[in-house]
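Morning, everyone. I have one structure to show you today. Please take a moment with the sequence and the model before I start.

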Amino acid sequence: MPVEIQGAVALRKALNEYVPELAKETQKEIAGHLRKVVNRARGFVPTTSPLSGWANPVGEWEYRAFNPGVMKAGLGYSTAPSKPNKRGFRTLAQIFNKSAPGAIYETAGRKNSGGLPAARRTIAMRDGNIVPAWESGKQVNKSANPYAGRQFIDALPPLVDSQQSNSPGRRTRKTKGRLMFRAWAEDQGKTTAAVVKAIESANNKVIVKTNALGEKSFRVRGNS
C-alpha cells in the first residue's frame, strides 16, 4: 500500500510559508480522497456478529466484543505527517483501523488460517507437587472448544489482498484484510494516484509562486 514520496514534508512546510491557502486546499483535497476509502471500508462492517458469542462483552472480551458502531468509528484517516520511524520515513497521509473488534475482524486468520492449535495437556509444579495442567500463552487456543478458532475464522468473509499483483514489493499476509485492506484493494490505486497528483500540483504551484528554478522538490517511488 505505501508509496514513497521524497521531499513531501518539506513541500508542506513551503506551502504553509508561501501559499497557506493552497496548503489548506491541498489538505482538503487529500482528505476527500482518503474519506472515500474509509467510507467504503465502513460499508463492509456487518450489522450483526458473525458468531453470536462474540457479541457478548464478558470477561477478557469486554473491550473486544463485536460492536459495529465501535468498529466503524475506529476506521479513519489522517493527513498530518507522522514522526520519523527508525528508517527516517514519515507517513504523509494514512488510513487506519484502531478499534479492537475492528482489528480482530480485519485480520483474523492472517497468521493461522485454521485458528490457533488447541492447548494440550501437560504438567506443572504447584506447592512442590507435579500436577496435570494445560498449555498456556498466546500461541494456543485455551477455549474448551478445540475448534473455536477455525469456526470463528470460517464464519468471517475471506481475507482480501490489498497489494496489486503488478505492484512492486513482497506480498505478505500483512497486506490482507476484510475492511480497510479490502477497501484499498477495490480502490485499485485510484486514491494513491489522486493524492500524488494533488501533491505534484501543489508543488508546481509553489515553484511558480516562488519563482523557483531547478528540479521539483520531491520524487515518487512505488505504486500501491
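I'll go from the overall fold to the core, then to one helix, the salt bridges and two local spots.

First, a caution: this is a predicted model. Everything I quote is computed from it.

Start with the fold. The chain has 224 residues, and 34% of them count as buried. There are seven helices and eight strands. Now look at contacts between residues at least 6 apart in sequence. Of those, 62% join residues at least 24 apart. The accessible surface is about 14,200 Å². Carbon and sulfur atoms account for 52% of that surface.

Next, the core. The largest nonpolar core holds 26 residues. Leu 75, Ile 95, Phe 152 and Met 180 have the most contacts inside it. Which helices supply at least two residues each? Helix 2, helix 4, helix 5, helix 6 and helix 7 do. In residue numbers, that is 20-42, 100-107, 148-154, 180-187 and 190-209. Helix 2 gives the largest share, with five residues.

Take Leu 75 as an example. Leave out its neighbours within four places in sequence. Leu 75 is then in contact with Val 38, Ala 41, Arg 42 and Val 45, among others. Its contacts also include Phe 96 and Asn 97, and further along the chain Leu 179 and Met 180.

Staying in that part of the chain, go to Tyr 77. Tyr 77 sits in strand 2, residues 75-78. Its relative accessibility is 28%, so Tyr 77 counts as partly exposed. Beyond its sequence neighbours up to four places away, Tyr 77 touches Ala 31, Leu 34, Arg 35 and Val 38. Gln 94, Ile 95 and Phe 96 complete that set. With Arg 35 there is a polar contact between side chains, at 2.9 Å. Phe 96 is 19 residues from Tyr 77 in sequence, but the C-alpha atoms are 5.9 Å apart.

Now helix 4. Its buried residues are Pro 101, Gly 102, Ile 104, Tyr 105 and Glu 106. What covers them? The cover includes helix 3 (68-73), strand 3 (94-97), helix 5, strand 7 (176-177) and helix 6. Look at the two ends as well. At the N-terminal end, Ser 99 is the cap. A side-chain oxygen of Ser 99 lies 3.0 Å from the backbone nitrogen of Gly 102. Just after the helix, Gly 109 has a positive phi of about 95 degrees.

One residue there deserves a closer look: Glu 106, in helix 4. Glu 106 is buried, and it has no salt bridge. Where is the nearest side chain of opposite charge? That is Arg 110, 5.7 Å away. The cut-off for a salt bridge is 4 Å, so this pair does not count. What does the side chain of Glu 106 reach instead? The backbone nitrogen of Leu 179, at 2.7 Å. Other contacts, again beyond four places in sequence, include Asn 97, Leu 159 and Lys 176. Gly 177, Arg 178, Met 180 and Phe 181 are also in contact with Glu 106.

On to the salt bridges. How many does the structure hold? Two. One joins the side chains of Arg 40 and Glu 186, at 3.1 Å, N to O. Arg 40 lies in helix 2 and Glu 186 in helix 6, so the pair ties together parts 146 residues apart in sequence. The other joins Glu 186 and Arg 182, at 3.3 Å. Those two are both in helix 6, four residues apart, about one turn. In general, an α-helix has 3.6 residues a turn, so residues three or four places apart point the same way. Put the bridges together, and Arg 40, Arg 182 and Glu 186 are linked in a network.

Buried or exposed? Arg 40 is partly exposed at 38% relative accessibility. Glu 186 is partly exposed too, at 34%. Arg 182 is partly exposed, at 28%.

Last stop: Gln 188. Gln 188 is in the loop between helix 6 and helix 7. Its phi is near 55 degrees, a positive value in a residue other than glycine. Most residues other than glycine have a negative phi. Gln 188 is also exposed, with a relative accessible area of 55%.

That's my tour. Over to you.

Conventions. Residues are numbered from 1 along each chain as its sequence is written. This is a predicted model: local features need pLDDT of at least 70, side-chain atom pairs count only at pLDDT 80 or more; totals for chains, interfaces and linings use all residues. Side-chain values use heavy atoms; hydrogens and water are left out. Buried means under 20% relative accessible area, exposed over 50%, partly exposed in between (1.4 Å probe, protein chains only). Contact means heavy atoms within 4.5 Å. Accessible areas come from the Shrake-Rupley method with a 1.4 Å probe; for residues, only the protein chains shown count as cover. A nonpolar core is a set of buried Ala, Val, Leu, Ile, Met, Phe, Trp, Tyr and Cys residues joined through side-chain atoms within 4.5 Å. Lys and Arg count as positive and Asp and Glu as negative; His and the chain ends are not counted. A polar contact is a pair of N or O atoms within 3.5 Å; within protein, one must be able to donate a hydrogen and the other to accept it, and residues adjacent in sequence count only if both atoms are side-chain atoms.
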